[in-house]
Number of protein chains: 2
Amino acid sequence: MMKAILASTSTLHGQGYLEYLIPHLNELYGNDKEILFIPYARPGGISHDEYTQNAKEAFKKTNLSVRGIHEFKNAAEAIEKAEGIFTGGGNTFLLVSELYRNGIIDLLKQAIKNGTPYMGTSAGTNIGGLTMGTTNDMPIVLPKSFKTLGLVPFNINPHYLDPDVNSTHKGETRETRIKEFHHFNSQPVVGLREGSWLELDKNEVFLRGKLSARIFKCSEDPYEVETGTKLTNLN
Amino acid sequence: MMKAILASTSTLHGQGYLEYLIPHLNELYGNDKEILFIPYARPGGISHDEYTQNAKEAFKKTNLSVRGIHEFKNAAEAIEKAEGIFTGGGNTFLLVSELYRNGIIDLLKQAIKNGTPYMGTSAGTNIGGLTMGTTNDMPIVLPKSFKTLGLVPFNINPHYLDPDVNSTHKGETRETRIKEFHHFNSQPVVGLREGSWLELDKNEVFLRGKLSARIFKCSEDPYEVETGTKLTNLN
């Protein structure tokens with residue numbers, strides 16, 4: 001009976017950190033809970049302490065408190081006892097590498113599957129998919145495996161960007177990269193635009209936010225799905 | 001006594017495949033040689049045969065011929081006997097994975113260090129650096145290691161893109177990603193814009209093409225170097 005928000009981005013243009021997600025947090029986590037924050041992805045290389053402080057500040061607008069997983073002696077126990085979990089964005093290679101190194105990736109998956117409310121943004125959303133194979137990040141460290149939590153039966157591409165038709169740049173577009181992914185991996189990929197999120201409610205998955213999402217399936221033309229679409233059986 | 005061209009991109013906007021590099025190929029490889037093409041990076045997932053055909057077509061404007069490494073029974077022998085080598089762009093994870101799987105990464109490095117002329121474009125340039133840790137590609141397969149050829153004493157970021165100051169997109173900029181890289185890796189990174197290349201001549205490394213390159217060093221502000229700058233001792 002999962003309950004989760006997997007958001008494309010933590011921050012919308014012109015807004016504060018988590019601002020657009022704040023109104024949904026009490027519905028997700030309940031009231032007066034302590035939320036376990038996983039700061040491993042370290043955006044821009046900031047420290048676990050600094051990153052956790054940012055989350056604490058943002059959560060002040062709710063009646064939830066935040067504690068970083070690095071503040072606990074035992075990371076495994078912290079996950080098992082958590083009333084709610086939030087994994088912030090940053091570098092997905094680093095995040096996944098640290099989850100494996102600390103031996104908590106399976107525990108995290110089990111906790112969420114057993115009903116611990118979870119929110120991910122960006123890299124924290126990427127790990128909700130079957131693998132991290134559709135991250136946009138640089139491989140700054142080599143994780144033991146690309147396999148991630150598999151909360152949904154597909155991969156996620158956060159910060160999905162449509163091709164810029166006026167661009168003169170010859171680097172691959174996001175769509176080309178996902179096409180390359182599909183030569184070696186069969187699962188669908190959901191291109192989740194900024195402002196969109198996946199809501200996991202019991203055992204269903206819905207697209208939320210104002211925008212449509214782009215669905216990429218192996219050997220098929222990509223297509224759009226409107227907000228509200230149920231993606232539970234996308235495979 | 002290395003001789004190499006490490007180019008940011010194979011193709012410039014409005015031009016054909018390799019068009020801007022063709023005038024330099026005879027100087028690099030000499031005349032009437034057979035060039036070994038490494039098509040492992042498979043851009044957009046095209047086959048080794050198709051990709052090699054593209055290279056053959058482009059090389060028709062020179063007096064050089066092209067043969068794909070997959071056409072040889074023994075890839076190691078193909079590298080050892082090659083008169084010149086060209087590694088095309090595509091997905092760097094796939095390229096590096098295949099170089100390791102075929103057991104030829106050290107042989108390739110040795111051949112180039114011993115004087116076999118080499119050209120790389122995009123992913124083929126990325127592997128010229130110390131590691132592939134500054135690629136822009138998606139991790140569609142997990143290579144055994146991120147360590148690459150180390151023809152230059154730094155990392156390369158091909159297709160380097162300056163931040164778009166008007167962008168409302170909140171995904172990390174290239175500069176932020178490289179900053180994250182530097183929290184876990186100490187080598188400098190050369191941001192090589194499209195149209196630029198590194199020329200390796202004997203044991204010297206020069207920036208070529210019309211544009212400047214952006215140099216990122218650990219714990220220092222990034223800076224620009226003009227075309228013609230010697231980068232041999234950048235470390």
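How many residues of chain A are in contact with chain B, and how many residues of chain B take part? In this predicted model, 48 residues of chain A are in contact with 48 residues of chain B, so selecting both sets is a sensible place to begin.

With the two sets shown, note that the chains bury about 3800 Å² between them, 63% of it on carbon and sulfur atoms. Within chain A, select A:Met138, A:Lys170 and A:Phe184, which lose the most area to chain B and together account for 18% of what that side buries.

Next, turn to the polar side of the interface, where the rule finds two salt bridges; one to display is that between the side chains of A:Asp137 and B:Arg177, at 3.0 Å from N to O. Between chain A and chain B, ten residue pairs are in polar contact. Colour helix H7 (174-182) of chain A and helix H4 (92-101) of chain A, the elements that give two or more residues to the side touching chain B; H7(A) gives the most, with seven residues. That side of chain A divides into 17 nonpolar, 21 polar and ten charged residues.

Now move to the largest nonpolar core, which has 105 residues and in which A:Leu198 and B:Leu198 have the most contacts. Helix H4 (residues 92-101) of chain B supplies the largest share of this core, six residues. Around B:Leu198, select its contacts, among them B:Ile5, B:Phe154, B:Val205 and B:Leu231.

Finish at A:Leu231, in the segment after strand S11 (223-225) of chain A. A:Leu231 counts as buried because its relative accessibility is 3%, and A:Leu231 touches residues including A:Phe154, A:Leu198 and A:Ile215.

Terms used. Residues numbered from 1 in each chain as written. Chains lettered and ligands numbered in written order. Predicted model: local features only at pLDDT ≥ 70, side-chain atom pairs only at ≥ 80, totals over all residues. Heavy atoms only, no water. Helix = DSSP H or I, 4+ residues; strand = E, 2+ residues; numbered from the N terminus. Buried < 20%, exposed > 50% of the residue type's maximum accessible area, 1.4 Å probe, protein only. Contact = heavy atoms within 4.5 Å. Core = buried A, V, L, I, M, F, W, Y, C linked by side-chain atoms within 4.5 Å. Buried area = accessible area lost by both parts, 1.4 Å probe. Salt bridge = Lys/Arg side-chain N within 4 Å of Asp/Glu carboxyl O. Polar contact = N/O pair within 3.5 Å; in protein donor to acceptor, adjacent residues only side chain to side chain. Nonpolar A, V, L, I, M, F, W, Y, C, P; charged D, E, K, R; others polar. Lists of a residue's contacts leave out its neighbours within four places in sequence.
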